[in-house]
Amino acid sequence: MLQLVQNLQGDVSTILTLEGDYFNANDRAMLEMAGNRMLLFFVYFAEALLGYIFKDWALVQEKMPFASDYKDAAFSSLLFCYYYFYETLMNCAIYPQLSAERQMVTWETIQERTGRLEEWRKAAPDNYQSKCELIQAEQARIQGRIVEAMDYYDRAITSAQTHGFLVEVAIAAERAADFYNSLGREKIANHYLQDAYHAYEYWGATAKMAALLEEHPHLYRMVVQQQKLGSILSSKITISQSNPSSKITVNQTSSRHQANSNDILDLGTVIKATQALSGQICLPELLEQLLTLALENAGAQRGYLLLMKQKNLAIAASGQVESNICVTVESDNRPIDNQTVPVSLIYYVQRTHEPVVLAQAVDEGLFTQDPYIQSGMIQSILCLPILQQGQVLGILYLENNLTQGAFTRDRLEVLQILSAQAAISIENARLYRQLTEYSHHLEDTVGQRTQELRQKNQDLQQTLQELQQTQTQLIQTEKMSSLGQMVAGIAHEINNPVTFISGNIAYAREYFKDLQDLIELIQQEYQPLKASVEEKIEEIELDFLYEDLKQMLASMENGSDRIRCIILGLRNFSRLDESVHKTADLHEGLDNTLLIIQHRLSRSPRQEPIKIQKTYGELPKITCYPSQLNQVFLNILNNAIDVLSSFESQPNPEIQIKTNVTNTNTITIRILDNGPGMSDAVRQKIFDPFFTTKPVGQGTGLGLSISYQIITEQHRGKLECYSQPGEGSEFMIEIPVNRS
């Protein structure tokens with residue numbers, strides 16, 4: 001540690017090599033041979049720390065892995081806590097130079113270390129508040145969160161000052177200077193650079209001070225100018241080293257606001273005041289603090305802080321001293337007038353950029369005729385421009401109407417120091433406010449755009465649902481139209497020959513009867529018959545032929561009647577002529593549907609046929625869309641047959657159809673099968689469009705979706721499915737008798 005101090009003070013030949021009066025290569029070799037892991041951790045950590053302070057990032061990347069290897073041996077050391085802090089700072093510093101892969105790993109390390117330090121901060125905020133704030137500033141810098149970085153750098157500097165961490169004040173100020181330089185804000189960066197220089201000076205790091213001057217040649221000129229200003233003030237100001245935190249004090253006579261010529265000013269307090277202003281980025285609080293400092297340390301009775309607003313001066317804050325100092329910051333800057341301030345004097349200072357000090361304003365100087373000075377018989381006045389890059393940012397106006405000569409040149413010089421810092425801080429605060437307002441505006445805009453996108457997304461989803469419903473309806477209509485046309489065409493084509501056959505059976509029966517009568521007459525008239533005729537009668541079994549032909553004609557007549565019934569059922573099922581709802585018998589629709597699927601019940605020769613068990617209740621006729629309900633029955637029954645047919649080992653396959661009236665208002669139709677059933681996950685999706693459990697090419701996934709729409713939307717009813725694996729499935733249809 002002594003060797004580290006000697007390196008920082010520059011009393012060695014090579015600053016970045018830990019070698020000098022207190023530690024050398026032989027000592028390192030002895031530690032390596034002894035395997036003293038704790039001391040080796042100290043050595044490599046000290047070398048990495050030198051690399052960080054002097055911005056030698058290659059040295060940092062070389063030494064930190066060694067320190068990391070030995071860190072486990074230093075858990076009990078106080079330096080271990082500092083290691084986590086500086087390791088995180090080093091990783092933040094070298095982060096932009098790393099590859100994308102290494103950046104990912106390094107960022108995870110940064111986050112892990114930050115979390116650990118945050119836990120320590122909660123336990124000991126005095127020790128870790130400034131450290132956490134500086135790390136937050138560095139992370140914000142990496143991620144481009146400019147406003148947050150500004151805020152955290154100033155917080156870190158203030159916290160480090162408050163708790164006495166001198167090196168952290170220096171490092172935070174230097175990192176802030178680098179940050180502002182990267183933004184192109186050299187004026188602000190120079191201010192932080194000077195703070196860093198003086199903090200390193202106060203800490204005693206002479207080598208680092210020289211390195212800063214070498215890195216920033218213009219810093220030398222600023223330091224020399226400040227030293228000259230310090231020598232001027234030192235001839236007029238007494239420095240109190242015993243109490244560096246005391247306020248600028250003024251020896252007063254019996255009059256509270258009268259200052260004598262032996263004012264005792266504390267330069268340490270002036271510097272502390274400038275640092276307090278530099279750490280403030282909230283404009284209202286900055287204005288209040290600035291005017292309070294001016295009133296407190298200038299011996300003023302009343303004061304105004306004027307700022308440029310749209311090329312005009314306006315009152316931003318006002319204050320007065322009675323029993324205590326009271327400062328009011330204007331929420332909306334008000335324009336100046338002759339009732340409040342000497343306007344002619346204000347405009348003179350604005351135009352000339354020169355301060356004005358009047359010992360007896362009502363009787364001397366260029367402004368004795370000013371209406372405000374005349375009406376108030378004003379005595380002492382101090383009016384000071386606040387300049388930034390040769391432009392007037394504002395004007396500080398102070399007055400004391402109780403005594404003459406209240407504002408001396410000494411006080412003017414002190415206020416000029418404060419005003420120089422105030423100009424930088426005001427510009428900072430305005431930038432911060434602009435960035436904050438822009439950020440809020442951006443958040444509002446993003447929120448508004450997000451809401452618009454969310455609304456458009458909802459509209460698109462609704463449109464998609466409507467398109468899906470329209471598509472489903474079109475598919476349904478097309479399917480029913482195609483099915484109806486096909487069924488009607490088949491019925492028409494079959495009906496013509498069946499009608500011909502049915503119409504000729506009666507004539508065939510009559511012709512057969514006439515032929516029978518003729519044969520029997522011949523048999524009676526021509527007895528005995530010739531042998532050849534008798535043989536032919538016996539050969540064709542004439543009596544049997546009579547009876548069999550009668551039965552054949554009867555069977556043909558029954559068959560044609562059956563075909564006519566089937567044709568009628570097909571026509572009833574398709575109902576092409578019904579575009580609106582009408583009164584219908586649901587049992588008739590079920591029977592017609594069963595007639596259509598009768599051929600599917602036989603299954604394969606190796607399987608038992610599917611039995612249909614009907615349990616019909618007394619149902620009233622209802623007003624409905626019959627063809628659509630027939631389609632629902634057909635979809636559900638076909639699915640049941642598909643399931644039962646797909647399992648050859650299914651014993652006693654059966655479909656039950658049960659109907660009844662519930663509460664005299666609802667018709668319930670239940671279609672049950674004793675198949676394998678379905679899981680709850682499948683059952684919940686069974687009515688979703690395009691969902692199917694059938695193999696590719698064997699199902700569209702629209703049948704039950706269309707059925708659900710027909711029942712729920714067209715008939716204001718319910719279609720529900722109940723199923724458990726191994727217990728079959730049940731589809732329950734509920735349709736109100738009287739639909740509104």
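## Overall content

Two residues are in contact when heavy atoms of theirs lie within 4.5 Å. Among contacts in the protein chain between residues at least 6 apart in sequence, 64% join residues at least 24 apart. The model is a predicted one.

The protein chain holds 23 helices and 13 strands. Its length is 740 residues, and 42% of them count as buried. The accessible surface of the protein chain is about 39200 Å², with 51% of that area belonging to carbon and sulfur atoms.

## Helix α4

Helix α4 covers residues 57–70, which makes 14 residues. From its first C-alpha to its last, α4 reaches 20 Å, close to the 20 Å expected at 1.5 Å a residue. There is nevertheless a bend of about 25 degrees at Lys-63, and a proline, Pro-65, follows within four residues.

Lys-63, the residue at the bend, is also one of the buried residues of α4. The others in that list are Trp-57, Leu-59, Val-60, Met-64, Ala-67 and Tyr-70. Their cover includes four other helices: α2 (25–34), α3 (37–53), α5 (79–94) and α9 (166–182).

## The six-stranded sheet

Six strands make up an open sheet with antiparallel pairing, in the order β3-β2-β1-β6-β5-β4. At the edges stand β3 (325–335) and β4 (356–358), each of which pairs on one side only. On average, neighbouring strands of this sheet are turned by 15 degrees against each other, direction ignored.

Within the order, β1 lies beside β6. Strand β1 (residues 302–309) is joined to strand β6 (residues 391–400) by 6 bridges, and the two run antiparallel. Here Leu-306 stands opposite Ile-395 in β6.

## Strand β5 and its two neighbours

Strand β5 (residues 380–388) is mostly covered, with 8 of its 9 residues buried. In the sheet order β5 sits between β6 and β4. Towards β6 there are 9 bridges, in the antiparallel sense, and the bridge partner of Ile-386 in β6 is Gly-394. The pair β5 and β6 also forms a hairpin with 2 residues between the strands. In the turn, Gln-389 has a positive phi of about 55 degrees.

On the other side, the edge strand β4 pairs with β5 over 3 bridges, again antiparallel. Leu-358 has Ile-381 in β5 as its bridge partner.

## The five-stranded sheet

A further open sheet consists of 5 strands in the order β8-β10-β11-β13-β12, and its pairing is mixed. Its edge strands are β8 (611–615) and β12 (718–723), each pairing on one side only. Neighbouring strands of this sheet are turned by 15 degrees against each other on average, direction ignored.

Strand β11 (residues 666–673) and strand β13 (residues 729–736) run antiparallel and are joined by 8 bridges. Across this pairing, Ile-669 stands opposite Ile-733 in β13. Helix α20 (residues 586–596) packs on the sheet and touches β8, β10 (654–662) and β11. The direction of α20 makes about 170 degrees with that of β10. Helix α23 (residues 703–714) also packs on the sheet, where it touches β12 and β13. The direction of α23 makes about 135 degrees with that of β12.

Methods
Residues are numbered from 1 along each chain as its sequence is written. This is a predicted model: local features need pLDDT of at least 70, side-chain atom pairs count only at pLDDT 80 or more; totals for chains, interfaces and linings use all residues. Side-chain values use heavy atoms; hydrogens and water are left out. Two strands pair if DSSP finds at least two bridges between them. Axes are lines fitted to C-alpha atoms, for helices over the stretch in contact, and angles run from 0 to 180 degrees between N-to-C directions. Buried means under 20% relative accessible area, exposed over 50%, partly exposed in between (1.4 Å probe, protein chains only). The expected span of a helix is 1.5 Å times one less than its number of residues. The bend at a residue is the angle between axes fitted to the seven residues ending there and the seven starting there. Accessible areas come from the Shrake-Rupley method with a 1.4 Å probe; for residues, only the protein chains shown count as cover.
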